[in-house]
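Morning, everyone. Here is a structure that is new to most of you, so let me walk you through it.

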Amino acid sequence: MCRPAFRLITLCLLAFGFCINVSFGQRHDTGILGEGKPWQTPYHIQDSGVEGPTVLITGGIHGNEPAGYRAAEQIRHWPIVRGKLIVVPRVNRFGLDQNTRFIPNAEAEQQDLNRNFPIQPNAEGPRGEIALALWDFAVEHDPDWVIDLHEGFEFNLTHNPADGKKKSVGSSVIYCGGELDPIAERIVDAANETVTDPDRRFSLLRRGPVDTSFARACINCLGAEAMILETTFKDQPLSLRTRQHRAMASVLLQHIGVIDHDCRDILAPPKSNERLLVGCFDGPGTGSSRDHLWSVVDAADDMTLHHLGSADMTPEILKQFDVVVFPGGSGSKQAQAIGEEGRRAVREFVNSGGGYIGVCAGAYLCSSHYDWSLNLINASVFTGTREIPGQGSKQMWYRGGWADIDMEITAAGQAIFGDVNKRVTVRYSNGPIISRKDHPDLEDYRVLAWFRSENGLWEPQQGTMIDTPAIVSGGFGNGRVISVSPHPEYTEALHPIITGAIRWVADQARTRRVSVERRGLFDRASTNLVQPRGELVGVSIL
Ligand SMILES: [Zn+2]
């Protein structure tokens with residue numbers, strides 16, 4: 001095919017894509033509920049332009065149930081084909097900020113936002129500013145379906161008052177039994193696909209939402225169908241709970257034709273250059289470092305945090321992100337949790353331009369030392385067992401409890417981390433002590449910071465930590481890696497080390513994206529590329 005002909009076809013295809021959007025009137029709008037109020041919170045409306053049901057999804061009505069709003073933030077990006085999808089992810093924003101169920105500073109009888117809605121059309125109206133604003137919003141949009149995302153503190157299956165246990169509705173679908181039974185059963189089945197422990201299976205609560213709850217008010221006063229989807233926050237990572245919400249919502253939205261395929265694996269919007277999409281692993285082998293890293297990423301106004309579990313370590317999900325972060329805990333347990341397939345997916349993600357940050361356990365994981373390592377950084381680890389006289393056999397990686405260590409940031413480190421002193425004190429907890437490995441397939445690392453003091457319990461450890469690299473960077477394929485042995489996420493003044501590292505490893509992916517966009521080939525809305533043969537194909541490099 002001659003070049004002008006190819007250009008013509010390309011233009012036609014782009015024009016056709018544009019026409020689809022225009023002729024069907026696809027629209028995405030974002031607005032603010034309670035604009036100007038201290039608790040104001042965003043809402044998002046996706047209108048397919050095709051006749052179909054209006055669905056309202058609410059999250060975060062209770063502020064200590066984070067999976068609801070995190071999942072709502074993910075679901076709002078799903079590509080709808082029919083009707084309207086309206087999402088208010090963080091209804092009780094103050095409560096979410098303070099991780100409390102209630103509305104902070106509300107009058108005592110109005111504290112529980114989900115008990116402030118009208119029982120019947122002619123009954124007392126909503127109580128309190130937030131309920132009133134949400135109710136007016138619901139009345140205005142007159143949804144056919146309402147899905148309210150919540151969490152319980154315990155598993156409903158094992159916490160029934162009938163068994164003498166304190167009641168909880170965790171891990172259940174609450175709806176009015178009858179016609180909705182078949183779809184409710186399918187929703188519960190989808191959630192249960194993620195469950196291995198029989199005591200944690202989801203139940204059907206056919207009695208429906210309680211009076212004065214938002215969902216019940218939508219049923220009684222607006223004639224909507226409504227369900228409350230509940231996960232359980234006890235002992236379960238957020239990545240699992242958001243996955244369960246997505247799985248349940250995906251079944252329901254497919255059932256009513258708003259989406260036309262299973263969207264549970266869509267966590268993030270198509271990448272743009274406005275916000276960095278950061279996935280933090282929260283599965284087995286992660287410790288409290290994880291929560292501190294979340295706070296750092298959540299607080300950065302150019303980053304969006306998503307929680308990733310073992311089930312999310314697939315090429316399809318990872319490619320939705322700019323950067324993946326593996327926190328402190330146990331490197332070998334994290335490696336085991338994500339398995340060989342997951343490790344391959346992470347390597348492929350970095351190889352094709354993604355960024356990797358490993359902190360402490362995550363730094364062990366990205367080394368090239370162990371048979372479970374990711375082999376992203378050309379580093380050996382000081383480890384192994386030694387016989388200590390009178391003490392027996394001791395592991396050399398274990399240097400005792402938390403310690404404050406002197407660290408010196410190099411010029412290369414300062415260029416990446418920005419606003420951090422050259423000499424700092426950093427928290428340390430048995431992070432890897434590394435040296436160059438000479439792995440034939442890996443480039444040398446660059447030192448971004450040195451340990452200038454050390455911690456240890458046994459004589460053979462003396463002198464092995466001081467003046468060794470604390471933070472290093474390296475390239476892997478088209479991607480970048482930063483390995484952080486200590487824990488800067490525990491010290492506020494050192495947070496720029498984490499955010500600077502994330503921005504630096506993301507830069508590679510971002511640069512590639514800009515160059516594709518500049519060539520005019522990247523269709524952001526569909527993440528499709530127009531290939532030289534005039535076909536639309538999925539992008540795997542982005
Ligand atoms: Zn709740």
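Keep in mind that this is a predicted model.

Start at a hairpin. Strand β14, residues 385-388, pairs with strand β15, residues 392-395. The sense is antiparallel, over 4 bridges. Look at I388: its bridge partner in β15 is G392. There are 3 residues between the two strands, and in this hairpin G390 takes a positive phi near 80°.

Now the open sheet. How many strands does it have? It has 9, with mixed pairing. Read the order with me: β10-β9-β11-β12-β21-β20-β19-β16-β17. β10 (303-308) and β17 (423-428) stand at the edges with a single partner strand each, so each has one side without a neighbour in the sheet. From one strand to the next, the twist averages 25°.

Zoom in on β9, residues 276-281, and β11, residues 323-326. They pair in the parallel sense, over 3 bridges. V278 has V323 in β11 as its bridge partner. Helix α8 packs on this sheet, touching β9, β10, β11 and β12 (355-359). The direction of α8 makes about 170° with that of β9.

Which residues of α8 are buried? S289, R290, H292, L293, V296 and V297. They cover an arc of only 165° around the axis, which puts them on the same side of α8.

Last, the cores. The largest nonpolar core has 67 residues. V278, V323 and I357 touch the most other members. Beyond its close sequence neighbours, I357 is in contact with V323, V325 and I482, among others. Another core lies apart, with 63 residues, including A138, F214, A224 and L253.

Methods: Residues are numbered from 1 along each chain as its sequence is written. This is a predicted model: local features need pLDDT of at least 70, side-chain atom pairs count only at pLDDT 80 or more; totals for chains, interfaces and linings use all residues. A nonpolar core is a set of buried Ala, Val, Leu, Ile, Met, Phe, Trp, Tyr and Cys residues joined through C-beta atoms within 7 Å. A residue is buried if 20 or more other C-beta atoms lie within 10 Å of its own, exposed if 12 or fewer, and partly exposed in between; C-beta atoms are placed from the backbone. Two residues are in contact if their C-beta atoms, placed from the backbone, lie within 7 Å. Two strands pair if DSSP finds at least two bridges between them. The arc is that of the directions from the helix axis to the C-beta atoms. Axes are lines fitted to C-alpha atoms, for helices over the stretch in contact, and angles run from 0 to 180 degrees between N-to-C directions. Lists of a residue's contacts leave out its neighbours within four places in sequence.
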